[in-house]
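Open the model in your viewer and keep the selection tool ready. Each stop below says what to select and what is there.

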Amino acid sequence: QVQLVESGGGLVQAGGSLRLSCAASGLPFSDYRMGWFRQAPGKEREFVAAISWRGDDTNYADSVKGRFTISTDSAKQTGYLHMNSMKPEDTAVYYCAARRADVSDYRYWGQGTQVTVSS
C-alpha cells in the first residue's frame, strides 16, 4: 500500500522559511519521481517542484525558482521542500505526489499540509 504523508506546514511571516517533509512508503523509489503541488483558496492546484528519487533531476515552477529547493533522502524515503523568502502568495495547501518516471500523471497523493504566510 502506497502512502505519502506530509508534515511541516504552519504559519510564517513574509520573508521567513519553512521545510515541508513527505514520508513515503510502498513505492519502488528508484522508478519514481516526487512532486510538490499547492492549491490556494479559490484557485486550481498548481505544480511547484519535482525531483527524481535519486535527486539528480529537478524542475521548478517559475514562481518559486530561486526561493524553494526540492530534495530527497532515499535512505529515509522522505522528500523535502525547503521554502525561503516566502511571500503571502505562497499561502496554500501543499501536497506531495509520486509518479512513475515513465508516465506523466501523478498517481499517488498525500493528504496535504496548510502553509500560511502573513504579510
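Start with I70. Leaving aside neighbours within four places in sequence, I70 is in contact (heavy atoms within 4.5 Å) with M34, W36, A49, A50, I51, T58, Y60, Y80 and L81. Select that set and show side chains.

Before going on, note the ground rules. Residues are numbered from 1 along each chain as its sequence is written. This is a predicted model, where local features need pLDDT of at least 70, side-chain atom pairs count only at pLDDT 80 or more, totals for chains, interfaces and linings use all residues, and side-chain values use heavy atoms, with hydrogens and water left out.

**Stop 1: around I70**

Colour by secondary structure. I70 sits in strand 7 (residues 68-73); strands here are DSSP runs of E with at least two residues, helices are runs of H or I with at least four, and both are numbered from the N terminus. Is I70 buried or exposed? I70 is buried, because its relative accessible area is 4%. The classes are buried under 20% relative accessible area, exposed over 50%, and partly exposed in between, with a 1.4 Å probe and protein chains only. Now draw a distance from I70 to Y60. The C-alpha atoms are 8.5 Å apart, and the two residues are 10 apart in sequence.

**Stop 2: strand 4**

Select residues 32-39. This is strand 4, and seven of its eight residues are buried. Add residues 92-100, which form strand 9. Strands 4 and 9 pair in the antiparallel sense over eight bridges; pairing requires at least two DSSP bridges between two strands. Label Y32 and look across: R100 in strand 9 stands opposite.

Next, add residues 46-52. This is strand 5, joined to strand 4 by six bridges, and the two run antiparallel. Which residue in strand 5 is the bridge partner of G35? The partner is A50. A50 has already appeared among the contacts of I70.

Follow the chain from strand 4 to strand 5. Six residues lie between the strands of this hairpin. One stop there is G42, with a positive phi near 75 degrees.

**Stop 3: two positive phi values outside glycine**

Select Q77. Q77 lies in the loop between strand 7 and strand 8 (78-83). Its phi is positive, about 55 degrees, although Q77 is not a glycine. Q77 counts as partly exposed because its relative accessibility is 31%.

Move on to S85, in the loop between strand 8 and strand 9. Its phi is near 45 degrees, again a positive value in a residue other than glycine. S85 is partly exposed, at 41% relative accessible area.

**Stop 4: zoom out**

Show the whole chain as a cartoon. How many helices and strands are there? The protein has zero helices and 11 strands. The radius of gyration is 13 Å, close to the 14 Å of the globule rule for 119 residues, so the protein is as compact as a globular protein of that length. That radius is taken over C-alpha atoms, and the rule is 2.2 Å times the number of residues to the power 0.38. Along the principal axes, the C-alpha atoms fill a box of roughly 40 × 25 × 25 Å.

Colour by burial. Buried residues make up 45% of the 119. Then turn to the contact map: of the contacts with a separation of 6 or more, 55% are between residues 24 or more positions apart.
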